[in-house]
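Colleague: I would like a close look at one part of this structure. Please choose a single spot and take me through it step by step.

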Amino acid sequence: MAKRRSTRRLETIGLLSDLNAPLIVPAPKPRDKRQPRLQFDPMPERIEPCLALLKSKPPSGPDWMFEVKWDGYRLAVHVERNRMRIITRGGHDWTSYFPSIAAAAKELGPATMILDGEAVVLDEKGVPNFGLLQRALGGRKATRAAHEAVLYAFDLLYFDGHDLTGLELSSRRHLLGNLLDGETGAIRLSEEIHDDGEALLRHACAHGLEGIIAKNKYAPYRSGRTGDWLKIKCVNSESFAVIGYEPSQKVRGSIASLFLAARNGDKLVYAGNVGTGFSAKLARDLRIQLDAMRIDKPVVPIKGKNLVFVEPTLVAEVNFSAWTHDGHLRHPSFKGVRQVEDHAEVMDLGNC
């Protein structure tokens, strides 16, 4: 015996019909023009990064928060619906060099976003090591992908169709914390620390870190060195232009030391030389690179015999303990060569 068709009726919000009847959706009403529209901001192709101003000691007061200073390459990760871009500080697309970071960023979607952070490679103690990052990228010139690189994200500049750069840092950090909560893969949250800056600096130095960053919690994101962000270092480390070298008398085809220059306004001034910190292979590789940049006269006066002078286009990162009374580096140690794409700025003595 066939079941009797139900004649019960279903009442819902705006719908009254037989259960077995086809649903009829009423035509949408015209939009009320007085109703406000939610504005969406187009994703910018690039945002010039906010840079930290060097200070000798941390600031104090309730306006400041602190983070670890990561020793790596500054990157902006652009996540869009149909493409992924990882942009260096100099505006170059390095997506292919950081595939693990790109893959991790895609997993954060489907929202569109721009993450600001630092790519690092950690050593066996979990401490960022700039030399390991350069090695992962293939040496003095990036030639391969750094699969082991990790991005520590410390800012969120754009999210889900909205430009966040006008918001104060504390609001941007709140959104970033929600986005990266619990992430432990190739993209991680750079933790903010609300503590005494002096104590935090001592703790960072004791653990072999490069230093700390202080940030104004109430400042918007402003490009350039505005003073909203400050960097306080455990060891002095700066970028210098290589202006020449002394050939090695012990190893043929190698160098004994590099001669360095800093900026003072719009001119270069001699800053001393560095003869430690590079391996035998790197010393040979540097000589090959520098020999292709030879010039007849030095760009700044240098005293010495059998020196080779070069165009000041190669930028070296150098650790040092202090400055001598005559303006030269004390106890310098070569740390690495900055990539052109990283847009490293030669140290300006006028900002010290």
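Modeller: Strands here are DSSP runs of E with at least two residues, numbered from the N terminus. Keep that in mind, and remember that this is a predicted model.

Start at Cys234. Cys234 sits in the loop between strand S12 (229–233) and strand S13 (236–247). Is Cys234 buried, partly exposed or exposed? Its relative accessibility is 26%. Buried means under 20% and exposed means over 50%, so Cys234 counts as partly exposed.

Now look for its partner. The sulfur atoms of Cys234 and Cys205 are 2.1 Å apart, and the two residues form a disulfide. The pair links distant parts of the chain. Cys205 belongs to helix H4 (residues 197–206), while Cys234 is in the loop between S12 and S13. Along the chain, 29 residues separate the two. A search of the whole structure finds 1 disulfide.

Next, the twist of the link. The torsion about the S-S bond of Cys205 and Cys234 is about -95°, so this disulfide is left-handed. Cys205 is partly exposed, because its relative accessible area of 33% falls between the cut-offs of 20% and 50%.

Who else surrounds Cys234? Leaving out residues up to four places away in sequence, Cys234 touches Leu201, Ala204, Cys205, Leu209, Glu210 and Gly211. The disulfide partner, Cys205, is on that list. Ser56 deserves a glance too. Ser56 and Cys234 are 178 residues apart along the chain, yet their C-alpha atoms are separated by 9.5 Å.

For contrast, consider another cysteine. Cys50 has 1% relative accessibility, so Cys50 counts as buried.

A buried residue can also carry a charge. Glu118, in strand S7, is buried yet has no salt bridge. The nearest side chain of opposite charge is Arg74, 5.0 Å away. A salt bridge needs a nitrogen and a carboxyl oxygen within 4 Å, so Arg74 at 5.0 Å misses the cut-off. The side chain of Glu118 does reach the backbone nitrogen of Gly72, at 3.1 Å. Among the residues that Glu118 touches are Trp70, Tyr73, Arg74 and Tyr152.

Last, a helix with a buried side. In helix H1 (residues 99–107), the buried residues are Ile101, Ala102 and Ala105. They cover an arc of only 100° around the axis, which puts them on the same side of H1. Lys106 and Glu107 are exposed, on the face turned away from that buried side.

Methods: Residues numbered from 1 in each chain as written. Predicted model: local features only at pLDDT ≥ 70, side-chain atom pairs only at ≥ 80, totals over all residues. Heavy atoms only, no water. Buried < 20%, exposed > 50% of the residue type's maximum accessible area, 1.4 Å probe, protein only. Helix = DSSP H or I, 4+ residues; strand = E, 2+ residues; numbered from the N terminus. Arc of directions from axis to C-beta. Contact = heavy atoms within 4.5 Å. Lys, Arg positive; Asp, Glu negative; His and termini not counted. Polar contact = N/O pair within 3.5 Å; in protein donor to acceptor, adjacent residues only side chain to side chain. Disulfide = S-S within 2.5 Å.
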